[in-house]
Amino acid sequence: MPRKKPSLLTLEPLKTKVDVTLQKSNLAADDGKPRLYGSISRRKVTVRSVIAEMSKHSNLPLSKELMFYVAEELSSRMMEKFKEGYSVELLDFGTIYPTMKGSINQNDTPSVINKHFNVGFTPSKQACAAVKNLEVGKIQNVSVQHCIFSVHDPCPDLKSRNIIFSGRIGEIKGKGIKLGGTTSGLYVVPVTANHAYRSLPDRAQWVPVTNIITNKPSTLLFYAPDLAPGSYMFIIETSLSTGNKPLKHSVVIHSEIVQVEKEQKTE
């Protein structure tokens, strides 16, 4: 039996292009190279603009003013229900609901627990399906605000990218690496031979490096602790911006894999 030809009236929906911005993640990939994450450039649409579009392209026997009044009333009633602790279905987009955020201690009082209330959202199947209509348009790269370029011995004769010597001065070059603010510190962590870190090692493994000689936005000089030869990762946590202003939350960045070797002795 001959196969049926596809109908000429069957048309695929047009895809919508969105611009994607790539930024460096603070998490290392399996091969130790920088990992990127993407964000979509947002375009905002308001209820007023949607109603204006409806009024322009449809023959609804309703004025823009009446449609906006109904939308405002609907929004007000849904907000009142949300304030009463209800989960609210936002038409075909999903459900918004009250939730709790952060860890709670067993002896916390109700007034302390109240501070953990937050907003949660579960997208609907229709909303998840709608995202499949998007495709990547322009790709933009954003300069990283905080990053480590290299860790090395500052001596010109020994200077080699990502190699330092135990017990000697080490140098970190980067951007926005000055220690300061509410939470900050320089740490070193031994890593396994395969460098398979999908995320930063647990903080319990971070060894503080306390002997800091120079603390600048682009340079840290420190005395390397007595480390056994092997592979390590250096971690910087700072609460300062690249402009040296206090940050509300600390930033954690890490180096590539650094080889620590025994100090070379001259005869």
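Among contacts between residues at least 6 apart in sequence, what percentage join residues at least 24 apart? In this predicted model, the figure for the chain is 60%. The chain holds 4 helices and 16 strands. Of its 267 residues, 26% are buried. Its accessible surface comes to about 19200 Å², and carbon and sulfur atoms account for 56% of that area.

**Helix H2**

- Helix H2 covers residues 64–83, which makes 20 residues. At 1.5 Å a residue the helix should span 28 Å, and the end C-alpha atoms are 28 Å apart, so the expected and computed spans agree.
- The buried residues in H2 are Met67, Phe68 and Phe82. Viewed down the axis of H2, the buried residues fall within an arc of 95°, and therefore they line one face of the helix.
- Glu65, Arg77 and Lys83 are exposed and sit on the face of H2 turned away from its buried side.
- Four elements pack against the buried residues of H2: helix H1 (47–57), strand E3 (88–89), strand E4 (94–100) and strand E5 (117–123).
- Phe68, one of the buried residues of H2, also has a charge over its ring: the charged end of Arg48 is 4.0 Å from the ring centre.
- Met78 is another residue located in helix H2. Apart from neighbours within four places in sequence, Met78 is in contact with Val88, Glu89 and Leu90.
- For Met78 and Glu89, the C-alpha to C-alpha distance is 8.6 Å, with a sequence separation of 11 residues.
- Gly85 follows H2 and has a positive phi, near 95°.

**Aromatic pairs**

- A search of the whole structure gives 2 aromatic pairs. One of them consists of Tyr187 and Trp206, with ring centres 5.2 Å apart and planes at 50°; a plane angle from 30 to 60 degrees counts as tilted, so this pair is tilted.
- Tyr187 belongs to strand E10 (residues 185–190), whereas Trp206 lies in the loop between E10 and strand E11 (207–208). The pair links distant parts of the chain, its two residues being 19 apart.
- Tyr187 and Trp206 are both buried.
- Phe222 and Phe234 form a tilted aromatic pair, with 5.5 Å from centre to centre and 45° between the planes.
- Phe222 is in strand E13 (residues 219–223) and Phe234 in strand E14 (residues 230–240), so this pair ties together parts 12 residues apart in sequence.
- Phe222 and Phe234 are both buried.

**Positive phi outside glycine**

- Leu91 is not a glycine, yet its phi is positive, at about 50°. Leu91 is placed in the loop between E3 and E4.
- Is Leu91 buried or exposed? Its relative accessibility is 58%, and the cut-off for exposed is over 50%, so Leu91 counts as exposed.
- Asn244, also a residue other than glycine, has a positive phi near 70°. Asn244 occurs in the loop between E14 and strand E15 (246–254).
- The relative accessible area of Asn244 is 40%, so this residue is partly exposed.

**Loop residues and their partners across the sequence**

- Ser218 lies in the loop between strand E12 (212–215) and E13. With a relative accessible area of 36%, Ser218 is partly exposed.
- Which residues does Ser218 contact, leaving aside neighbours within four places in sequence? The contacts are Ile172, Lys173, Gly174 and Ile177.
- Ser218 and Lys173 are 45 residues apart in sequence, and their C-alpha atoms are 5.6 Å apart in space.
- Leu200 is located in the loop between E10 and E11. Leu200 has a relative accessible area of 22% and is partly exposed, because the buried class requires a value under 20%.
- A distance of 8.3 Å separates the C-alpha atoms of Leu200 and His254, which are 54 residues apart along the chain.

Methods. Residues numbered from 1 in each chain as written. Predicted model: local features only at pLDDT ≥ 70, side-chain atom pairs only at ≥ 80, totals over all residues. Heavy atoms only, no water. Expected span 1.5 Å × (residues − 1). Buried < 20%, exposed > 50% of the residue type's maximum accessible area, 1.4 Å probe, protein only. Arc of directions from axis to C-beta. Contact = heavy atoms within 4.5 Å. Areas by Shrake-Rupley, 256 points an atom, 1.4 Å probe, with all protein chains shown as cover. Phe/Tyr/Trp six-rings, centres within 6.5 Å; stacked < 30°, edge-to-face > 60°. Lys NZ or Arg CZ within 6 Å of the ring centre and 35° of its normal.
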